[in-house]
Amino acid sequence: MTAKKSIKSIAVLCSGGDAPGMNAALRAVVRYGIYAKLHVYGVHKGYSGLLEGNIEELWLRSVANIIQRGGTVIKTDRCKAFHQKAVRAEAVNILRRKKIDALVVIGGEGSFTGGHLMGKENDYPVVGVPGTIDNDVYGSEYTIGFDTAVNTAVEAIDKIRDTASSHDRVFLVEVMGRTSAEIAIRVGVSGGAETIVVPDEIEGNKGIDSLIKSLQRSAALGKNSSIVIVAEGEKPGSVYRMAHELKTRAGIDARVAILGHVQRGGSPSAMDRYMASLMGAEAVKAVLQGKRDLAIGQVNGRIARIAFKSIIGRHKKPDRELLRLAEILAS
Ligand code: F6P
């Protein structure tokens with residue numbers, strides 16, 4: 001372990017899927033960093049941009065008028081090359097050559113894994129800010145972008161419900177979140193969905209069997225239309241197979257709506273701007289205190305610091321009580 005040296009300059013990048021609120025987090029890192037007398041550099045296009053040395057110093061005005069913008073003005077990407085140790089070492093060399101003392105990564109668990117390995121292998125400070133619509137960073141109650149994505153999906157579901165009730169139809173609505181059930185559950189409860197299908201119920205017969213039962217139960221209760229929220233899972237589009245199974249096994253006609261990337265875009269909600277502002281500033285504070293190898297998160301409603309090692313490789317489980325509650329409330 002080398003002696004802790006004082007931090008004079010930091011870099012910030014976005015990595016993984018864009019999320020509404022990433023710009024607000026960037027703004028907070030830049031402005032809090034400059035307030036703390038640091039030089040702050042923006043890396044364009046995630047880890048790939050870092051490897052290309054696509055780095056520029058940012059100023060107070062560089063982040064003006066972005067708090068309300070979706071996406072990320074410094075761009076993002078998913079960098080496969082970063083899975084290689086030698087590539088991560090080269091990234092640290094580039095930062096050191098530019099006299100940048102620490103890196104703030106705004107992204108999800110995959111991006112934190114890259115940052116954790118890069119930092120550990122090369123004795124370099126890395127701090128994460130959770131930015132992903134999926135809300136799947138283990139140990140943190142919240143990730144930036146989740147609230148906006150949920151609101152976008154709920155708005156879409158309200159519209160779909162008009163058609164569902166006018167035509168007495170069943171709709172299967174697929175929401176994003178990959179293997180995480182967080183978006184599906186929040187959207188299902190908030191949108192008054194009759195049923196929520198979580199990722200581990202998508203493949204195989206168990207999920208379909210219980211979906212059929214649940215739709216039959218709804219029909220017996222006098223419901224003529226139903227909204228079923230289906231988590232995306234590993235393979236987006238599996239919802240078409242589910243619709244087919246409903247038809248062939250139970251004669252249930254279901255329409256499919258895949259909300260897809262509309263959930264990732266748009267102006268961030270006040271909640272996302274707020275959390276991004278707090279988390280971005282906290283990341284800079286952590287770096288200044290010589291902290292590293294951790295992410296900022298929310299624990300028991302408060303902004304907290306969570307070691308990368310307690311996040312990486314771990315996954316939130318679907319909240320079964322909430323799933324049950326959604327069904328009770330939609331009866
Ligand atoms: O991680 C965010 C997310 O939107 C997931 O919900 C989704 O599965 C994935 O990214 C889609 O990634 P891409 O935009 O690279 O297709």
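**Reading a ligand site**

Q: Where does Arg78 meet the ligand?
A: A polar contact is a pair of N or O atoms within 3.5 Å. Here an N or O atom in the side chain of Arg78 is 2.9 Å from an oxygen atom of the ligand. This is a predicted model: local features need pLDDT of at least 70, side-chain atom pairs count only at pLDDT 80 or more, and totals for chains, interfaces and linings use all residues. Residues are numbered from 1 along each chain as its sequence is written, and side-chain values use heavy atoms, with hydrogens and water left out.

Q: How far is the side chain of Glu232 from an oxygen atom of the ligand?
A: An N or O atom of that Glu232 side chain is 2.6 Å from a ligand oxygen atom. For His261, a polar side-chain atom lies 2.8 Å from an oxygen atom of the ligand.

Q: Which residues are around the ligand?
A: A residue counts as near if one of its heavy atoms lies within 4 Å. Among those around the ligand are Thr132, Asp134, Met176 and Arg264.

Q: How many residues of the shell are nonpolar, polar and charged?
A: Asp, Glu, Lys and Arg count as charged; Ala, Val, Leu, Ile, Met, Phe, Trp, Tyr, Cys and Pro as nonpolar; the others, Gly among them, as polar. The shell has two nonpolar, three polar and five charged residues.

Q: Which domains does the shell draw on?
A: Domain bounds come from an automatic or database assignment. At least three shell residues come from each of domain 1 (9-145 + 268-310) and domain 2 (147-264).

Key: Polar contact = N/O pair within 3.5 Å; in protein donor to acceptor, adjacent residues only side chain to side chain.
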